[in-house]
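Let's take a walk through this protein together, going from its sheets to its loops and then to its main pocket. Keep the model open beside you as you read.

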Amino acid sequence: MNTVVNSVAVAALLALAGTAGAQQSVASRTVVTPEGVRTVAQTSPLSPGWSPTPDSVQWVYENTFAGLPANVSISGSTQQVWVGQTLNGERLERLDFADNVPDFSFTAGLNAPAGVAASEGADLAVFLDGASSSGPFTLRAFNSTSTSQLWSFDFPPEFNNAFDSEMWNRMRVSRDGQVAAVAITAFDQATSQGFSRVWFFNAQTGAVISTYTSAIGRFVNGVDMTDDGSRVVLTENDTAVVVTTSNAAVEFSAAVSGSGGRFKISGNGEN
């Protein structure tokens, strides 16, 4: 019997996959057999005879413009799925739970980060666009009925080299849809020095509430937020930093050992 030692598969309420010419594979796994270790690739999520969890997959969406979904954010209150597409045909797409047909599409810049974060309890999502992979970068807000952006914010030129393939870990919208937070890194290639800045926005208007700036050489790799957006925990290197969003004041911080993880905060901000 084959033993699965590693797998990547789409198996949830909703599954999204991109197709890019020869890049037809949507899942692969490494198996150990009596003959040795080998990789098995599934070339289509709809291939007859292969279904990851047929009882839980409602539908599968495959784009037709050779893009790759960089990340997906779901708003349960409006039953909307927001998808940031990269590689080719960079864009933001919105789908609803009913079917796999996009209801809305916003064309992004070439090689834009395409990070997206949606509120879990309100009708609002923010999308990180860019003129190119090296910026300049713009944050744009949308809701389930918008045909164009609700508001936008242009990040300063010093953050033009902030591209990160995991940008969605640095973006959050509060459950009540009132506060949005985005962490961007400024990095000087010549000096190899950098820092991160976190912007806290009024998610309804785009007005900047406050900003938090890390020390030189320290970077914010994760952002998590309370339900009402009053408090965030930032993953700054190996340190959890709890910040009040109204004035960017640090409430407390705590360093841990290890690396690679991101800190989380409870909805009520007590844990």
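Two strands pair if DSSP finds at least two bridges between them. Keep that in mind for a first example: E236 stands opposite T239 in β20. Please also remember that you are looking at a predicted model.

That residue pair belongs to the contact between β19, residues 231-236, and β20, residues 239-244, where six bridges join two strands that run antiparallel. Both strands sit within an open sheet of four strands, ordered β18-β19-β20-β21 and paired in antiparallel fashion. The edges are taken by β18 (220-225) and β21 (249-255); each has a single partner strand, so one side of each has no neighbour in the sheet. On average, neighbouring strands here are turned by 20° against each other, direction ignored.

Let's stay with β18 for a moment. Five bridges link β18 to β19, and the two run antiparallel. Within this pairing, V220 stands opposite E236 in β19. You have now met E236 twice, since it also stands opposite T239 in β20. Between the strands of the β18 and β19 hairpin lie five residues, and in this hairpin G229 takes a positive phi near 70°. Is β18 largely enclosed or not, given how many of its residues are buried? Five of its six residues are buried, so β18 is largely enclosed by the rest of the structure. Buried here stands for a relative accessible area under 20%.

Now turn to another open sheet of four strands, with the order β14-β15-β16-β17 and antiparallel pairing. Its edge strands are β14 and β17 (208-213), each of which pairs on one side only. From one strand to the next, the twist averages 20°. Inside this sheet, 10 bridges join β15, residues 179-188, to β16, residues 193-202, and these strands run antiparallel. As a point to find on screen, V179 stands opposite N202 in β16.

The loops hold some backbone details that deserve a look. Most residues other than glycine have a negative phi, and most peptide bonds are trans. With that in mind, look at N237, which has a positive phi of about 55° although it is not a glycine. N237 is found in the loop between β19 and β20, and it is partly exposed, with a relative accessible area of 32%. A66 also has a positive phi, of about 65°, and is not a glycine either. A66 lies in the loop between β5 (59-62) and β6 (68-75), and it is partly exposed, with a relative accessible area of 23%. For the peptide bond, go to G135 and P136, which are joined by a cis bond with omega about 0°. P136 lies in the loop between β11 (125-130) and β12 (137-142).

Last comes the largest pocket, which has a volume of about 350 Å³. It is lined by 21 residues, and the closest to its centre are A118, E120, R172, V173 and D224. Which strands each supply at least two residues of this lining? They are β6, β10 (115-118), β14 (171-173) and β18. Of the contributors, β6 gives the most, with four residues. By character, the lining divides into 10 nonpolar, six polar and five charged residues. So the tour ends with two strands you already know: β14, an edge strand of its sheet, and β18, an edge strand of the other sheet described above.

Terms used
Residues are numbered from 1 along each chain as its sequence is written. This is a predicted model: local features need pLDDT of at least 70, side-chain atom pairs count only at pLDDT 80 or more; totals for chains, interfaces and linings use all residues. Side-chain values use heavy atoms; hydrogens and water are left out. Axes are lines fitted to C-alpha atoms, for helices over the stretch in contact, and angles run from 0 to 180 degrees between N-to-C directions. Buried means under 20% relative accessible area, exposed over 50%, partly exposed in between (1.4 Å probe, protein chains only). On a 1 Å grid over the protein atoms alone, a cavity is a set of points where a 1.4 Å probe fits but cannot get out, and a pocket is an open set with protein on both sides within 12 Å along at least five of seven lines; lining residues have an atom within 4 Å of a point. Grid points are joined across faces, edges and corners, and a volume is the space filled by probe spheres set on the points. Ala, Val, Leu, Ile, Met, Phe, Trp, Tyr, Cys and Pro count as nonpolar, Asp, Glu, Lys and Arg as charged, and the others, Gly among them, as polar.
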